[in-house]
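Morning, everyone. Let me put the model up, and then we can walk through it piece by piece.

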Amino acid sequence: MPITTNKQSCDHKKSQSHIHKEAAGFAGVKMANLNLDAQARKMLKAAKLYCTAGRVAILKVLMEAGKPLSQDQIARQSGKKHFDKVTIYRTLESLLGVGLVHKAFMDKRAWHFELAHNCTESQCHPHFTCTSCGDTYCLTEISLPMAKSPHKGFVIQRQQVRLEGLCPACV
Ligand SMILES: [Zn+2]
Ligand SMILES: [Zn+2]
Ligand SMILES: [Zn+2]
């Protein structure tokens, strides 16, 4: 697909209709892909970040996954040979910096990243990891009360909870 070789950037002055027209110009691209592309561009625009090919690609991978992914998994699923580790790291840093992406948890010595749209400012939704198959689930429907500071002098700013157990397939 030629979509990634076209060096596009979101001109912030461009009207929404212009972006849609531009997206519709790619022949043979699946509709679902177009929607993800437009969604990624909209998110970047709202965060006042330029729409580089790398940022759009990573946001699309995270949207499609719907669960936290490690940097290696993101690299594999973005499917671009020229997309090296340093580029992915820097791109993730820029997305983390504006709060579009969160570091959900560390697993096997690797941070796992996900979109921040199912989180609040003070806490991420909890995650459940199956100790048998290793699958992780986003518990977006569960909101836990914020923990109280255990000792004087500690200020809790954010809460991230991770649960472990057996998934339905492994019980
Ligand atoms: Zn989060
Ligand atoms: Zn399982
Ligand atoms: Zn999650």
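Five helices and six strands make up this protein. Keep in mind that this is a predicted model. Reading from the N terminus, the order is α-α-α-β-α-α-β-β-β-β-β. There are 171 residues, and 20% of them are buried. Now contacts. Take those with a separation of 6 or more: 51% of them join residues 24 or more positions apart.

Helices next. Start with α3, residues 53-65. The helix has 13 residues, and at 1.5 Å a residue it should span 18 Å. Its end C-alpha atoms are 18 Å apart, so the model agrees with the expectation.

Which residues of α3 are buried? The run A53, G54, R55, V56, A57, I58 and L59 is on the list, and V61 and L62 complete it. Note R55 in there, listed as buried along with the others. Just past the end of α3 comes G66, with a positive phi of about 65°.

What does α3 pack on? One partner is α4, with the two axes 10 Å apart and an angle of about 105°. Angles from 65 to 115 degrees count as roughly perpendicular, so that is the term for α3 and α4. On the α3 side, the contact uses A57, I58 and V61. On the α4 side, I74, Q77 and S78 make it. By class, that contact has four nonpolar residues, two polar and no charged ones. Look back at the buried list: A57, I58 and V61 are on it.

Now turn to the other contact of α4. Helix α4 covers residues 71-78, and α5 covers 85-97. Their axes come within 10 Å and cross at roughly 110°. That makes α4 roughly perpendicular to α5 as well. Here α4 puts in Q71, I74 and A75. From α5 come K85, I88, Y89 and L92. The class count is five nonpolar, one polar and one charged. I74 is worth a click. It is in the contact with α3, and it is in the contact with α5.

On to the strands. One open sheet has three strands, in the order β1-β3-β2, and the pairing is antiparallel. Its edge strands are β1, residues 69-70, and β2, residues 101-107; each pairs on one side only. Strand β3 runs over residues 110-115 and pairs with β1 over two bridges, in the antiparallel sense. To find the register, use S70: the residue opposite is H112 in β3.

Between β2 and β3 there is a loop, and K108 is in it. K108 has a positive phi, near 50°, and it is not a glycine. Buried or exposed, then, for K108? Exposed: K108 has 8 other C-beta atoms within 10 Å, and 12 or fewer counts as exposed.

There is another lysine to look at, K48. Its phi is near 60°, again positive in a residue other than glycine. K48 belongs to the loop between α2, residues 31-46, and α3. K48 is exposed too, with 8 other C-beta atoms within 10 Å.

Now the other sheet. Three strands again, open, in the order β5-β4-β6, but with mixed pairing. The edges are β5, at 136-138, and β6, at 162-165, and each of them pairs on one side only. From one strand to the next, the twist averages 25°.

Where does the mixed pairing come from? Take each side of β4 in turn. With β5, strand β4 pairs in the antiparallel sense over three bridges. F128 is a handy marker there, since its bridge partner in β5 is Y137. The two strands form a hairpin, with five residues between them. In that turn, G134 has a positive phi of about 85°.

With β6, the sense is parallel. Strand β4, residues 127-130, and β6 pair that way over four bridges. The marker on this side is T129, which stands opposite E164 in β6.

To recap the two sheets: β1-β3-β2 is antiparallel, and β5-β4-β6 is mixed. For the helices, α3 and α4 are roughly perpendicular, and so are α4 and α5. Over to you for comments.

Definitions and conventions: Residues are numbered from 1 along each chain as its sequence is written. Chains are lettered from A and ligands numbered from 1 in the order in which they are written. This is a predicted model: local features need pLDDT of at least 70, side-chain atom pairs count only at pLDDT 80 or more; totals for chains, interfaces and linings use all residues. Two strands pair if DSSP finds at least two bridges between them. Axes are lines fitted to C-alpha atoms, for helices over the stretch in contact, and angles run from 0 to 180 degrees between N-to-C directions. Angles under 35 degrees count as roughly parallel, over 145 as roughly antiparallel, 65 to 115 as roughly perpendicular and the rest as oblique. Two residues are in contact if their C-beta atoms, placed from the backbone, lie within 7 Å. Ala, Val, Leu, Ile, Met, Phe, Trp, Tyr, Cys and Pro count as nonpolar, Asp, Glu, Lys and Arg as charged, and the others, Gly among them, as polar. The expected span of a helix is 1.5 Å times one less than its number of residues.
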